[in-house]
Amino acid sequence: MVQHPEVLWAQRSSETVDEKNIIYLTVNLPDIQESSLEYKITSTSIHFKAKAGTEGKEYAFDLDFFSEIDAENSSSRLNSRSFFAVLRKKEKKAEYWPRLTKEKVRNAFLKTDFSKWVDEDEQNESAADLDDDMDMGMGGMGGMGGMGGMGGMGGMGGMDFEKMMASMGGAGGLPDLGSAGGSGLDAGDDDDSDDDGPPPLEQA
């Protein structure tokens, strides 16, 4: 029996910039079998079908969009947890779509992606918003590494923790702050910490 996967969506809008006039669509479906994936997007609809999990259960859905999509300039990525697509709206408008689907029908499997949603009047407050959302949405998927660094700068993503750990392991300001606060990282080097704090940390 074919089941509906959970589908999350969010959006951005712009009258002038194509890349900021988009729909985020995430199919929450772990362990999709890549060989079984059927994904087709037209200017007015999306078709998705795939098998997932060790048992190979079938999942599928079809949706008609509220308005037209620029299919040629839309993109998609697959990882172990989900299928993610960025769908570019064809008409550039400042206003949000009132809903994702053409018909005003409630689909139990279709939900708002609150992790990416930004209110219409707040979407331009931060220049990094778009990159943050892309970075979060990609979930570690390859192919868009150039955006990863920008995303890490804008929010509290994994990039920040990596930088912090790298700093903790080498010379820099963070280890000094830690030792001043009584951190046990360099407790054995207190005698040499007056002027030569950083070298002992490198040795450690």
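**Strand pairing and salt bridges around β1**

Analyst: Three bridges connect β1 with strand β8 (residues 110-112), and the two strands run parallel. This is a predicted model, in which local features need pLDDT of at least 70, side-chain atom pairs count only at pLDDT 80 or more, and totals for chains, interfaces and linings use all residues. Residues are numbered from 1 along each chain as its sequence is written, and side-chain values use heavy atoms, with hydrogens and water left out.

User: What makes β1 and β8 a pair of strands?

Analyst: Strands are DSSP runs of E of at least two residues, helices being runs of H or I of at least four, and both are numbered from the N terminus. Two strands pair if DSSP finds at least two bridges between them. Three bridges join β1 to β8, so the rule is met. Within this pairing, W9 stands opposite T112.

User: How do you know that β1 also pairs with β2, and in which direction do they run?

Analyst: Six bridges join β1 to β2 (residues 22-28), so this pair also satisfies the rule. The two strands run antiparallel, with V7 of β1 facing V27 of β2.

User: Why is E6 with K111 called a salt bridge?

Analyst: The term requires a side-chain nitrogen of Lys or Arg within 4 Å of a carboxyl oxygen of Asp or Glu. The closest N and O atoms of E6 and K111 are 3.2 Å apart, so the pair qualifies. It links E6 in β1 to K111 in β8, 105 residues apart. By this rule the count comes to five salt bridges.

User: Are E6 and K111 buried or exposed?

Analyst: Neither label applies: buried means under 20% relative accessible area and exposed over 50%, with partly exposed in between (1.4 Å probe, protein chains only). E6 has 30%, so it is partly exposed; K111 has 40% and therefore also counts as partly exposed. Strand β1 (residues 6-11) is mostly covered, five of its six residues being buried.

User: What makes K92 and D18 a salt bridge, and which parts of the chain does the pair tie together?

Analyst: Their closest N and O atoms lie 3.1 Å apart, so the pair meets the cut-off. K92 lies in the loop between β7 (82-89) and β8, and D18 in the loop between β1 and β2, so the pair ties together parts that are 74 residues apart in sequence.

User: Why is K90 assigned to its exposure class, and what is its salt-bridge partner?

Analyst: K90 has 52% relative accessibility and therefore counts as exposed. K90 forms a salt bridge with E68, the closest N and O atoms being 3.5 Å apart. E68, at 37%, is partly exposed.
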